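This report describes a single model, beginning with one loop residue and widening to the whole chain.

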Amino acid sequence: MSTTYDRLVDLLVDGFAVDRAAIRPEVTFEELEMDSLFLVELLLVIQSEFGVKISDDAAVPTDTIAHAVALVDNETAASAS
């Protein structure tokens with residue numbers, strides 16, 4: 001898909017013990033059994049890993065992996081401008 005997607009998958013697998021086979025762009029965090037608290041922690045890790053600022057409420061459990069990738073890509077583009 002993209003470098004951002006690949007890095008996010010690696011973060012989920014290595015940092016949060018998510019099964020790599022379960023991760024697809026259209027899968028939701030809820031389907032991966034991740035709640036709101038998990039998402040806050042994930043967003044903090046994403047901010048550190050990608051050097052972007054994303055608000056704690058930018059993602060909800062019903063969002064997809066592709067949505068999270070788009071959040072990172074949008075913030076990366078905005079901070080580069």
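In this predicted model, Leu32 has a relative accessibility of 15% and therefore counts as buried, the cut-off being under 20%. Leu32 is placed in the loop between α1 and α2. Leaving aside residues up to four places away in sequence, Leu32 touches Val18, Ala22, Ile23, Val27 and Ile65. The C-alpha atom of Leu32 also lies 9.1 Å from that of Pro61, although 29 residues separate the two along the chain.

Two of the residues that Leu32 touches, Ile23 and Ile65, recur in the nonpolar core. The largest such core has 27 residues, and those with the most contacts inside it are Leu8, Leu12, Ile23, Leu42, Ile46 and Ile65. Elements that contribute two or more residues to this core are α1, α2 and α3, with the largest share, seven residues, coming from α1. In soluble globular proteins, nonpolar side chains tend to be buried together. Ile46 touches Leu8, Leu11, Gly51, Val52, Ile54 and Val72, again not counting residues up to four places away in sequence.

Helix α1 merits a closer description. With 14 residues, α1 reaches 19 Å from its first C-alpha to its last, close to the 20 Å expected at 1.5 Å a residue. Its buried residues are Thr4, Tyr5, Leu8, Val9, Leu11, Leu12, Val13 and Phe16, and they pack against α2 and α3. Just after α1, Ala17 adopts a positive phi of about 55°.

At the level of the whole chain, there are three helices and zero strands, running α-α-α from the N terminus on. The radius of gyration is 12 Å, close to the 12 Å that the globule rule gives for 81 residues, so the chain is as compact as a globular protein of that length. Further values for the chain are tabulated below.

| Property of the chain | Value |
|---|---|
| Span of the C-alpha trace along its principal axes | about 35 × 25 × 20 Å |
| Buried residues | 40% of the 81 residues |
| Contacts joining residues at least 24 apart, among those at least 6 apart in sequence | 57% |
| Exposed area | about 4,600 Å² |
| Part of the exposed area supplied by carbon and sulfur atoms | 51% |

As to confidence, the chain averages a pLDDT of 92, and 99% of the residues score at least 70. Among the elements, α3 (residues 65-80) has the lowest mean pLDDT, 91, and α1 (residues 3-16) the highest, 95.

Methods:
Residues are numbered from 1 along each chain as its sequence is written. This is a predicted model: local features need pLDDT of at least 70, side-chain atom pairs count only at pLDDT 80 or more; totals for chains, interfaces and linings use all residues. Side-chain values use heavy atoms; hydrogens and water are left out. pLDDT is the predictor's confidence in each residue, from 0 to 100. Helices (H or I, at least four residues) and strands (E, at least two) are DSSP runs, numbered from the N terminus. A nonpolar core is a set of buried Ala, Val, Leu, Ile, Met, Phe, Trp, Tyr and Cys residues joined through side-chain atoms within 4.5 Å. Buried means under 20% relative accessible area, exposed over 50%, partly exposed in between (1.4 Å probe, protein chains only). Contact means heavy atoms within 4.5 Å. The expected span of a helix is 1.5 Å times one less than its number of residues. The radius of gyration is taken over C-alpha atoms; the globule rule is 2.2 Å times the number of residues to the power 0.38. Accessible areas come from the Shrake-Rupley method with a 1.4 Å probe; for residues, only the protein chains shown count as cover.
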